[in-house]
Amino acid sequence: MASKHLQHIDPYTPQFGTMIPLGFQKWLRTCVIYQLFRFVMINLKMTVLILKSHH
Amino acid sequence: MARLVVMGGGVAGHTAATFAKKMLGSAHEVVVVTPNSNWNWIPSNIWVGVGGMSKEEVIFPLAPVYKKAGIDYRQAKAVAIHPEGKEGSDTPYIMIEYTDQTKPGQTEELTYDYLINATGPKLNFAATPGLGDANGLGEHTVSVCTADHAEHAAAELQKCIEKMKRGEKQTFLIGTGHGMCTCQGAAFEYIFNVEHTLKEAGVRDMAQIIFITNESFLGDFGMGGIHFNMGGFAMSSKVFAESLYAERGMDWILGAHVNKVEAGKVTYESLDGTMDEQTFDFAMLIPPFAGVGFKAFAKDGSDITATLFAPNGFMKVDANYNAGAYENWKPSDWPRTLQNPTYKNIFAAGIAFAPPHLISKPMSSPNGTPINPTPPRTGMPSAMMGKAVTMSIVDMIKGAPEPTHTACMAEMGAACVASAGKGLFNGTAAAMTVYPIVPDFETYPGTGRNLNGTTGELGLAAHWVKHILHFVFIWKAKLRPGWTLIPE
């Protein structure tokens, strides 16, 4: 199953030396329920960052 | 009554002018000088450049907004600063040249009590032969730096899609068009949006997509790279970025100084000193930035441009410009108040201020050609600088002896949402937060940044954030109800 996510990678190319996401990770990226949760988390992180940055 | 003149109506200038007017009311005068008639939400130009948005969705006319706010708007370009006034008058002024169609070319002296330089960059297409003409609409390449450029890019992209549908393979080359470019993020966003668009059009298998960059590693972003707290690891943005390119089957060329662009071909020098070529059918190459090229004159008419501006045309502020070699760099080199050290009533914000040095480690080829990204200072940092400078000036108008607010890139964070494809349910973007922007290796050994404040993730949620920000920031820029509550 994992091979379909890797079939475009050739050995010893620059792409060969990094992480390649597999099916579950890719599914999570557009899973609406999970992404709604991430949406809240991203907004919280950015709010904290903004509050820390104003002087 | 004091007069504040703001040169530039982009993110930093518009933020500065609108907050200044809000804080000063009718007791003082705020003037904006900008050659543009429209405000442009530049981050969405990426979507215009692939046909995902129209030009009209990312721009709006400035004149009605400034009229409503009570801001004196001059559609003109500033050409010279006279910070000591002229013979017979101590009042400082700038010389402006109107671009307004009703009085094009007409010049005027505009006096000021306080001056903010927020002009943004000059898109220096001329730095690389063949990269573009004065308008950036090159013969051989496209750009997404302005809404007009992006509209042109979308039209050229569509032509390539039509060719691929007819069975003709195409090579796409996207990245930086010079060894001293900044704004790799825009090229990063554009290449992923092009890939997404080709996939949507059903022609992805007909395209070879190549990223060419002056970064020594993917994910440098002009900030020397970032480490994210991810899955129990302090993971480098190098791995994060490489993973994204590898996943989508895109190639990359690193450490490249593009020194010539011809029809269907770029020539570039690499960090190892070799010269190479890359052919293309479609190329979007970001130009390097320079200062807009002001002149400055003393009271006696002598040229004092070098007093106000660094050789690259950006304005000198309260930075340490004598930090020397990379090993000596410190966060304290970075400006805090953004006040000019010679003329205390002049400030710079956004891209217009001269950074003390790079953030990434300086690199050059054996031939002596510098090939390194220059510091990014667009978006959120620009707006924060614009507001901080304005708040200082407002306090100084009310009697404060010196600036009261700071916006130091070594003390602030940045949030960046980089689109990787547009779509309500199939879009993705990389949401990144970085704290601080300039790494502080004394406070945060190893990575230079606070891992609790430096994060990155790719997903649909980040795309939603980016799309919502499009509407929220245009709402804010139009000064619609509640605009002051929207943070920079």
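## Salt bridges in the predicted model

Over all chains, a search of the whole structure finds 22 salt bridges. The structure is a predicted model, and every distance and area in this report is computed from it. Side chains of opposite charge can pair when their charged atoms come close. The sections below take up several of these pairs, together with the contact between the chains and two buried polar residues.

## The interface between chain A and chain B

Chain A places 27 residues in contact with 43 residues of chain B. About 2900 Å² is buried between chain A and chain B, and 67% of that area lies on carbon and sulfur atoms. Polar contact also links the two chains: 13 residue pairs are counted between chain A and chain B, with both residues at pLDDT 80 or more. On the side of chain A that touches chain B, helices α1 (23–29) and α2 each supply at least two residues. The most is given by α2(A), with 13 residues.

Three salt bridges are counted between chain A and chain B. One joins the side chains of A:R38 and B:E457, with an N to O distance of 2.6 Å. Another pairs the side chains of A:R29 and B:E247 at 2.7 Å, N to O. This second pair joins two chains, because B:E247 lies in helix α6 (residues 237–247) of chain B and A:R29 in helix α1 of chain A. Are the partners of this bridge buried or exposed? B:E247 is buried, with a relative accessible area of 13%, and A:R29 also counts as buried, at 10% relative accessibility. Both assignments follow because buried means under 20% relative accessible area.

## A:Q35, a buried glutamine of helix α2

A:Q35 has its place in helix α2 of chain A. Its relative accessible area is 2%, so the residue is buried. Which residues does A:Q35 touch, not counting those up to four places away in sequence? Within chain A they are A:L28, A:R29 and A:T30, and within chain B they are B:G459, B:L460, B:A461 and B:W464. A:R29, a partner of B:E247 in the salt bridge described above, is thus also a contact of A:Q35.

The side chain of A:Q35 has polar partners in the backbone of both chains. A polar atom of this side chain lies 2.8 Å from the backbone oxygen of A:L28. A polar atom of the A:Q35 side chain also lies 2.8 Å from the backbone nitrogen of B:A461. By contrast, A:K4 stands 24 Å from A:Q35 in space, C-alpha to C-alpha, with their positions 31 residues apart in sequence.

## A nonpolar surface patch with members from both chains

A nonpolar patch of about 520 Å² is present on the surface. Chain A contributes A:V32, A:I33 and A:L36 to this patch, and chain B contributes B:L424 and B:F425. A:V32 is placed in helix α2 (residues 32–53) of chain A. With a relative accessible area of 31%, A:V32 is partly exposed, whereas A:Q35 of helix α2 is buried.

## B:T454, a buried loop residue

B:T454 is found in chain B, in the loop between β23 (429–434) and β24 (455–459). What is the relative accessibility of B:T454? The value is 0%, so B:T454 counts as buried.

Two backbone atoms are polar partners of the B:T454 side chain: the backbone nitrogen of B:Y435, which the side chain reaches at 3.2 Å, and the backbone oxygen of B:N450, which lies 2.9 Å from a polar atom of the side chain. Not counting residues up to four places away in sequence, B:T454 touches B:I226, B:H227, B:F228, B:N229, B:T433, B:V434, B:Y435 and B:R449. B:Y435 therefore appears both in this list of contacts and as a backbone partner of the side chain, given that contact means heavy atoms within 4.5 Å.

## Salt bridges within chain B

B:K260 forms a salt bridge with B:E262, and the closest N and O atoms are 3.9 Å apart. B:K260 is partly exposed, with a relative accessible area of 38%, and B:E262 is partly exposed at 28%.

A second pair in chain B consists of B:D303 and B:K295, whose closest N and O atoms are 3.7 Å apart. Here too the partners are partly exposed: B:D303 has a relative accessible area of 45%, and B:K295 stands at 41% relative accessibility. Elsewhere, B:E195, B:K199, B:R204 and B:R248 are joined into one network by salt bridges that share partners.

Methods. Residues numbered from 1 in each chain as written. Chains lettered and ligands numbered in written order. Predicted model: local features only at pLDDT ≥ 70, side-chain atom pairs only at ≥ 80, totals over all residues. Heavy atoms only, no water. Patch = residues over 30% accessible without salt bridge, like charges linked within 9 Å, V, L, I, M, F, W, Y side chains within 5 Å. Areas by Shrake-Rupley, 256 points an atom, 1.4 Å probe, with all protein chains shown as cover. Salt bridge = Lys/Arg side-chain N within 4 Å of Asp/Glu carboxyl O. Helix = DSSP H or I, 4+ residues; strand = E, 2+ residues; numbered from the N terminus. Buried < 20%, exposed > 50% of the residue type's maximum accessible area, 1.4 Å probe, protein only. Polar contact = N/O pair within 3.5 Å; in protein donor to acceptor, adjacent residues only side chain to side chain. Buried area = accessible area lost by both parts, 1.4 Å probe.
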